[in-house]
Amino acid sequence: MRSRYSAYVTGNLPYLKKSWHPDTYPELSEQDLQTKWLRLEIIKAKKGLKKSIVEFKAWFEDEGMEHALHEISLFKLYKKRWVYVEPMDSWN
């Protein structure tokens, strides 16, 4: 999760693609990575053998105001790497 956040901050599009499950990867461009990210807060994480869940808040700036993206994310083991799959509605 932290490495993906860092990739968003630095605009590292190749890393984002590599760390995203190919079944759910959206076509991203450099323009999609223009957000000014401020900080990452990991709220809760649960690691499993084949899937893991991370709840986080990623703080960003928009028009001089600070906002937070709050998400519960599903990660799965894919080809011996942890990759982001999709957001979840809850921990269930």
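# Close-up views of a predicted model

**View 1. A salt bridge between strands β3 and β1.** The side chains of E66 and R39 form a salt bridge, with N and O 3.0 Å apart. This contact, like everything described in these legends, belongs to a predicted model. The pair connects distant parts of the chain, since E66 lies in strand β3 and R39 in strand β1, 27 residues apart. Neither partner is classed as buried or as exposed: E66 is partly exposed, with a relative accessible area of 44%, and R39 is likewise partly exposed, at 38% relative accessibility.

**View 2. A salt bridge between strands β2 and β1.** A search of the whole structure returns 2 salt bridges, and the one shown here joins E61 to K36, whose closest N and O atoms are 3.7 Å apart. Because a salt bridge is counted when a side-chain nitrogen of Lys or Arg is within 4 Å of a carboxyl oxygen of Asp or Glu, the separation of 3.7 Å between E61 and K36 qualifies. Distant parts of the chain are again linked, with E61 in strand β2 and K36 in strand β1, 25 residues apart. E61 counts as partly exposed at 33% relative accessibility, and K36 also counts as partly exposed, at 47%.

**View 3. Pairing of strands β1, β2 and β3.** Strand β1, made up of residues 36-47, runs antiparallel to strand β2, residues 51-62, and 10 bridges join the two. Within this pairing, K46 has I53 of β2 as its bridge partner, and the two strands form a hairpin with 3 residues between them. Strand β2 is also joined to β3, by 12 bridges and again in an antiparallel arrangement, with W59 standing opposite A68 of β3. The hairpin of β2 and β3 has 2 residues between the strands, and in this hairpin E63 adopts a positive phi near 50°.

**View 4. Two lysines with positive phi in the loop between β3 and β4.** Most residues other than glycine have a negative phi, and most peptide bonds are trans. K79, although not a glycine, has a positive phi of about 50°, and it is placed in the loop that lies between β3 (65-78) and β4 (81-88). K80 is found in the loop between β3 and β4 as well, and its phi is also positive, at about 65°, although K80 is not a glycine either. Both side chains belong to exposed residues, K79 having a relative accessible area of 67% and K80 a relative accessibility of 82%. For the spatial setting of this loop, K80 and G64 are separated by 16 residues in sequence and by 41 Å in space, taken from C-alpha to C-alpha.

**View 5. A buried arginine without a salt bridge.** R4 is found in helix α1, which covers residues 2-10. It is buried yet has no salt bridge, and the nearest side chain of opposite charge, that of E71, is 6.9 Å away; because a salt bridge requires the charged atoms to be within 4 Å, this separation from E71 does not qualify. What the side chain of R4 does make is a polar contact of 2.9 Å with the side chain of S19. S19 is located in the loop between α2 (13-18) and β1, and S19 is itself buried, with a relative accessible area of 2%. Apart from neighbours within four places in sequence, S19 is in contact with R4, V83 and Y84, while R4, when residues up to four places away are left out, touches Y15, L16, S19, W20, F75 and Y84.

**View 6. The largest nonpolar core and a second, separate one.** In soluble globular proteins, nonpolar side chains tend to be buried together. The largest nonpolar core of this model consists of 9 residues, namely A7, L13, L16, W20, Y25, L33, V54, F75 and Y84. A second core, separate from this one, has 6 residues, among them Y5, W37, L40 and F60. F75, a member of the largest core, is in contact with residues including M1, R4, V54, W82, V83, Y84 and V85, once its neighbours within four places in sequence are left aside. The contacts of F75 further include the lysines K50 and K51, together with S52. The buried R4 of the previous view touches L16, W20, F75 and Y84, each of which is listed in the largest core.

Notes: Residues numbered from 1 in each chain as written. Predicted model: local features only at pLDDT ≥ 70, side-chain atom pairs only at ≥ 80, totals over all residues. Heavy atoms only, no water. Helix = DSSP H or I, 4+ residues; strand = E, 2+ residues; numbered from the N terminus. Buried < 20%, exposed > 50% of the residue type's maximum accessible area, 1.4 Å probe, protein only. Lys, Arg positive; Asp, Glu negative; His and termini not counted. Polar contact = N/O pair within 3.5 Å; in protein donor to acceptor, adjacent residues only side chain to side chain. Contact = heavy atoms within 4.5 Å. Core = buried A, V, L, I, M, F, W, Y, C linked by side-chain atoms within 4.5 Å. Pairing = 2+ DSSP bridges.
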